[in-house]
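Here are some exercises on helix packing and charged side chains, each with a worked solution. Keep the model open while you go through them.

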Amino acid sequence: MARCVSCISQAVLRDTLCALGAGGEVRREVSAVGLPRERGHRRCVSWFQRVPHAFPLCVPQLLSEKISGAEGTKFDDDFTDMERKVDTTNKAVLELLSKTTEYLQPNPAYRAKLGMLNTVSKMRGQVKTMGYPQTEGILGDVMMRYGRELGEDSCFGCALVEVGEAMKLMAEVKDSLDISVKQNFIDPLQLLQDKELKEIGHHLKKLEGRRLDLDYKKKRQGKIPDEEVRQAVEKFDESKELAERSMFNFLENDVSADTSCQPLSFN
């Protein structure tokens, strides 16, 4: 293990910290201590010794699995399948939120400006937010302005006014679509992302940390008290049950989410 640790880079260590979901206290301590800048065995071991005691128990186990290919505790097929489905759902929700917004509001500069203005409005306590400037509405305004300047005597001017009014109506229809999709599709998905999927992610991250802790202690049975191993097993089983239950409930309720796609229909 010492040889493995002596060969890791700063990037690997940072990935390890993120994978284990280090808390604020641990991150501050690691920032204060700093990551090893040399590959020497003593330097790396010294670094681990200076990090808070509870955290390094998981680090060597994770590094052992990533670098030397050591096998950890395996989950059953049902658990792995649920985890895969939840992970795919999470990725799908993230991309759907992004791509749907891009579809409804294709101009990235306007999106950024609108987001900033709406954030400022919320900070000021203003309820009304600005809508996205539809291109049809902008074109309609231009047509109607110059059509009126040309006057009713101009056939070209009358045509501009007439087409401009039609473009303004199209912009209103698109505004209605934006509001409908946001209320019935984007907001429910955002809520799903912020609550259920976030909670499941928390349970899975906690489970992974406890699995690493358990595997580390199992490999060192006889060198550490049996009570510590027993506690590690209990904590692992508790986290596994919570993660399994949350994923099962989420996937069982998956059918009801199909209705969220209806507002995207143009029929």
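This is a predicted model. As a warm-up, take Lys240: with a relative accessibility of 16%, Lys240 counts as buried, because buried means under 20%.

**Exercise 1. Place Lys240 in its salt bridge and describe its partner.**

Step 1. Look at the side chains: Lys240 and Glu244 meet in a salt bridge, at 3.5 Å from N to O.

Step 2. Now find them along the chain. Both belong to helix α10 (residues 226–252), and since they are four residues apart, about one helical turn separates them.

Step 3. Turn to the partner's accessibility. Glu244 is at 25%, so Glu244 counts as partly exposed.

Step 4. Widen the view: Asp76 joins Lys240 and Glu244 in a network of salt bridges.

**Exercise 2. Work out how helices α8 and α9 pack against each other.**

Step 1. Recall what you need: two packed helices are described by the angle between their axes and the distance between the axes.

Step 2. Find both values. The axes of α8 (residues 135–150) and α9 (residues 155–219) come within 7 Å and cross at roughly 155°. Angles over 145 degrees count as roughly antiparallel, so α8 is roughly antiparallel to α9.

Step 3. Add the handedness: the crossing of α8 past α9 is left-handed.

Step 4. List the residues that meet. From α8 they include Leu139, Met143, Tyr146 and Leu150, and from α9 they include Phe156, Leu160, Met167 and Lys174.

Step 5. Sort the contact by class: 12 residues are nonpolar, five are polar and six are charged.

**Exercise 3. Describe two salt bridges within helix α9, and decide whether their residues are buried or exposed.**

Step 1. Start with the principle: side chains of opposite charge can pair when their charged atoms come close.

Step 2. Take Asp215 and Arg211, whose side chains form a salt bridge with an N to O distance of 2.8 Å. In helix α9 these residues are four apart, so about one helical turn lies between them.

Step 3. Check their accessibility. Asp215 is buried at 6%, and Arg211 is buried with a relative accessible area of 5%.

Step 4. Move on to Lys217 and Asp213: in this salt bridge the closest N and O atoms are 3.3 Å apart. Both residues lie in α9, again four residues apart, or about one turn of the helix.

Step 5. Repeat the check. Lys217 is buried at 11% relative accessibility, and Asp213 is buried at 14%.

**Exercise 4. How many salt bridges does the model have by this rule?**

Solution. The count comes to 16, and the Asp215–Arg211 pair is a salt bridge you have already met.

Notes: Residues numbered from 1 in each chain as written. Predicted model: local features only at pLDDT ≥ 70, side-chain atom pairs only at ≥ 80, totals over all residues. Heavy atoms only, no water. Axes fitted to C-alpha atoms, helices over the stretch in contact; angles between N-to-C directions. Helix = DSSP H or I, 4+ residues; strand = E, 2+ residues; numbered from the N terminus. Parallel < 35°, antiparallel > 145°, perpendicular 65-115°, else oblique. Left-handed = near helix turned anticlockwise from the far one by under 90°. Contact = heavy atoms within 4.5 Å. Nonpolar A, V, L, I, M, F, W, Y, C, P; charged D, E, K, R; others polar. Salt bridge = Lys/Arg side-chain N within 4 Å of Asp/Glu carboxyl O. Buried < 20%, exposed > 50% of the residue type's maximum accessible area, 1.4 Å probe, protein only.
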